[in-house]
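This briefing covers the nonpolar cores, the salt bridges, the overall make-up of the chain and two backbone angles. The sequence and the model come first.

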Amino acid sequence: MDNFGTFANPNLQSILPVLENWLEMLAKFNACTNIKVPYWHNERTNVSLLAAAATVSGWQVLEEFHKNKIGYDGKASKGRLDLWLHKETDSFFIEAKQDWPSISGRVCPNAISASMELSVTDTKRLLPTDHRLLALTFVVPRILHSRLSSFDKRIERLVELQKDPGNDMYAWSFLDRYRNSTDGKYLYPGVLLVAKEVSN
């Protein structure tokens with residue numbers, strides 16, 4: 001059974017149309033030869049699809065552009081920003097990461113915490129700015145073929161865990177048509193996007 005949806009805190013409601021268009025693009029994606037499901041590849045692939053969804057939603061968008069950051073030595077250093085979104089009075093700088101946690105065993109709260117912490121850390125390294133800051137993680141859970149019978153319960157648990165008050169926005173897409181997407185011994189049945197607003 002298809003399992004998808006979105007959530008955003010009241011202060012991020014303006015981005016909900018972006019997430020809804022992102023889900024629609026995932027549902028309509030038709031893979032070509034040698035191109036797997038769109039979310040499987042890496043962070044850049046997912047950022048580009050999110051940027052496309054933002055463009056369709058009427059946002060101005062820039063990807064992978066120069067932005068100074070605070071280096072680990074405390075000094076300003078050259079860096080790059082994953083994504084900028086701007087519409088009317090809303091403007092966001094976004095740092096993104098990706099993780100492929102296993103859900104073949106028990107789905108636990110720390111399944112994606114390391115990637116999110118890294119995204120938050122990188123977002124905090126941005127120099128002071130008037131733009132709002134979002135730390136974002138794309139989660140592409142993997143499951144052994146032999147555990148597919150318990151897939152639905154595991155995904156429900158994974159989504160339920162995102163209701164943590166620390167998460168400001170999330171969206172997920174686990175569609176029947178992608179359930180058997182595989183790369184060797186693991187299946188990659190869908191993707192979860194989780195975001196936190198960060199104070200600079």
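**Nonpolar cores**

The largest nonpolar core has 36 residues, and Ile 15, Trp 22, Leu 50 and Met 169 have the most contacts inside it. A nonpolar core is a set of buried Ala, Val, Leu, Ile, Met, Phe, Trp, Tyr and Cys residues joined through side-chain atoms within 4.5 Å. Buried stands for under 20% relative accessible area, exposed for over 50%, and partly exposed for values in between (1.4 Å probe, protein chains only).

This is a predicted model, in which local features need pLDDT of at least 70 and side-chain atom pairs count only at pLDDT 80 or more, while totals for chains, interfaces and linings use all residues. Residues are numbered from 1 along each chain as its sequence is written, and side-chain values use heavy atoms, with hydrogens and water left out.

- Two or more residues of the largest core come from each of helix H1 (16-28), helix H2 (43-56), strand S5 (80-87), strand S6 (90-99), strand S7 (132-139), strand S9 (169-174) and strand S12 (191-198). Helices (H or I, at least four residues) and strands (E, at least two) are DSSP runs, numbered from the N terminus.
- Beyond its neighbours within four places in sequence, Leu 50 is in contact with Val 18, Leu 19, Trp 22, Leu 83, Leu 136, Phe 138 and Leu 193. Contact means heavy atoms within 4.5 Å.
- Another core, of 25 residues, lies apart from it and includes Trp 84, Phe 93, Ile 143 and Leu 187.
- In soluble globular proteins, nonpolar side chains tend to be buried together.

**Salt bridges**

- The structure holds 9 salt bridges, each being a side-chain nitrogen of Lys or Arg within 4 Å of a carboxyl oxygen of Asp or Glu.
- Arg 44 pairs with Glu 63 in one salt bridge, with 3.1 Å between the closest N and O atoms. Arg 44 belongs to helix H2 and Glu 63 to strand S2 (residues 60-66), so this pair ties together parts that are 19 residues apart in sequence.
- Arg 44 is partly exposed at 32% relative accessibility, and Glu 63 is partly exposed at 30%.
- Asp 90 and Arg 132 form a salt bridge whose closest N and O atoms are 3.4 Å apart. The pair links distant parts of the chain, 42 residues apart, with Asp 90 in strand S6 and Arg 132 in strand S7.
- Asp 90 is buried, with a relative accessible area of 16%, whereas Arg 132 is partly exposed at 23%.
- Glu 160 and Lys 163 meet through their side chains in a salt bridge (3.1 Å, N to O). Glu 160 counts as partly exposed at 43% relative accessibility, and Lys 163 as exposed at 52%.
- Asp 90, Arg 132 and Glu 197 are joined into one network by salt bridges that share partners.

**Whole chain**

- The chain has 4 helices and 12 strands, and 48% of its 200 residues count as buried.
- Among contacts with a separation of 6 or more, 69% are between residues 24 or more positions apart.
- The chain exposes about 9800 Å², of which carbon and sulfur atoms supply 52%; accessible areas come from the Shrake-Rupley method with a 1.4 Å probe, and for residues only the protein chains shown count as cover.

**Positive phi angles**

- Most residues other than glycine have a negative phi.
- Glu 64, in strand S2, has a positive phi near 45° and is partly exposed at 25% relative accessible area.
- Glu 88, in the loop between S5 and S6, has a positive phi of about 55° and is exposed at 70% relative accessibility.
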